[in-house]
Amino acid sequence: MEPILQTKHLQKSYDGSHQILKDINFSIKQGEVVVIVGPSGCGKSTFLKCLNMLEPMDRGEIYLDGKSIEREGKNISLYRQKVGMVFQSYELFPHLNVMDNLLLAPRKVQKRKKEEIQKEAETLLLRVGLWEKRKAYPRELSGGQKQRVAIVRALLMHPEVLLLDEITAALDPEMVREVLQVVQELAKEGMTMVIVTHEMKFAKAVADRVLFMDGGIIVEEENPQEFFVYPKTDRAKQFLNTFHYAALEI
């Protein structure tokens, strides 16, 4: 099976000197879940932003369905519809209620009919346990509820690949659980996802492959059983030891 999304020799630096990403070669197949872990500042979130074209790359190529994506081309908007992203900070409009937040992008960007989108949005809200909150405003929601709305908003654009960037980092433990349950259901249904997370138990449970990044490079890449039990590099071993993996059920 050919990759649905791929990068070749991707590089990114700030101020022309501080190199964040160093020659990243990455691919993901349809229906696969790839989880990226690593210490803070290693380039994980920057990599996702480059994948979504929110950050310009210095060098390298991105391919979607085998076609190269021009960095400044007219197809960027269409590309972002196909490669959706959910952020740590929700990015909901505070002056719009939940349903209006959900309807905005499909109507404005994809020119779809309101009735069609609303029906789909209600179905998704029911699925994530938020149907009764469809008329609520973001200020009336918990962090976990806001994040679930953000996931529904991304799904309404019908992406081929979904990028999730530390979506539980700002949440309390109880809220983390409700958000991760939604992501696990998406994984079971075959959604193609690239997930950056510090939730190691979740990464172990949901990933088809784990990428360990450090210093702007992919240090190790393995299936979760191998990575979490038998990491091959000293750097990965040191990283995992900080999470007390002896307590995990293998």
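The side chains of Arg 235 and Asp 214 form a salt bridge, with an N to O distance of 2.8 Å. A salt bridge here is a side-chain nitrogen of Lys or Arg within 4 Å of a carboxyl oxygen of Asp or Glu. The pair joins distant parts of the chain, 21 residues apart: Arg 235 lies in helix 9 (residues 234–241) and Asp 214 in strand 9 (residues 209–214). Helices (H or I, at least four residues) and strands (E, at least two) are DSSP runs, numbered from the N terminus. Arg 235 is partly exposed, at 26% relative accessible area. Asp 214 is also partly exposed, at 22%. Buried means under 20% relative accessible area, exposed over 50%, and partly exposed in between (1.4 Å probe, protein chains only).

The model is predicted; local features need pLDDT of at least 70, side-chain atom pairs count only at pLDDT 80 or more, and totals for chains, interfaces and linings use all residues. Residues are numbered from 1 along each chain as its sequence is written, and side-chain values use heavy atoms, with hydrogens and water left out.

The structure holds 10 salt bridges. One of them pairs Lys 232 with Glu 222, the closest N and O atoms being 2.9 Å apart. Lys 232 sits in the loop between helix 8 (224–229) and helix 9, and Glu 222 in strand 10 (residues 217–222), so this pair ties together parts 10 residues apart in sequence. Lys 232 is exposed, with a relative accessible area of 53%. Arg 112 forms a salt bridge with Glu 120, at 2.8 Å between the closest N and O atoms. Arg 112 is buried, at 14% relative accessible area, whereas Glu 120 is partly exposed, at 23%. A network of salt bridges links Glu 32, Arg 209 and Glu 221.

Helix 1 (residues 44–51) includes Lys 44. Of the 8 residues in helix 1, 6 are buried. These are Lys 44, Thr 46, Phe 47, Leu 48, Cys 50 and Leu 51. Lys 44 has no salt bridge despite being buried. Its nearest side chain of opposite charge, Glu 166, is 4.5 Å away; Lys and Arg count as positive and Asp and Glu as negative, with His and the chain ends not counted. A polar atom of the Lys 44 side chain lies 3.1 Å from the backbone oxygen of Pro 39. Met 53 follows helix 1 and has a positive phi, near 65°.

Glu 166 also appears in the lining of the largest cavity, together with residues including Leu 164, Ile 167, Thr 168 and Phe 202. A cavity is a set of points, on a 1 Å grid over the protein atoms alone, where a 1.4 Å probe fits but cannot get out; a pocket is an open set with protein on both sides within 12 Å along at least five of seven lines; lining residues have an atom within 4 Å of a point. The search finds 1 cavity of 30 Å³ or more. The largest cavity has a volume of about 50 Å³. Helix 6 (173–188) and strand 8 (192–196) each give at least two residues to its lining.

The largest pocket holds about 520 Å³ of space. Its lining has 20 residues, and Arg 80, Met 85, Ala 105, Arg 153 and Met 157 are the closest to its centre. Elements supplying two or more lining residues are helix 2 (76–82), strand 6 (83–86), helix 3 (98–108) and helix 5 (143–155). Volumes are the space filled by probe spheres set on the grid points, which are joined across faces, edges and corners.

Conventions: A polar contact is a pair of N or O atoms within 3.5 Å; within protein, one must be able to donate a hydrogen and the other to accept it, and residues adjacent in sequence count only if both atoms are side-chain atoms.
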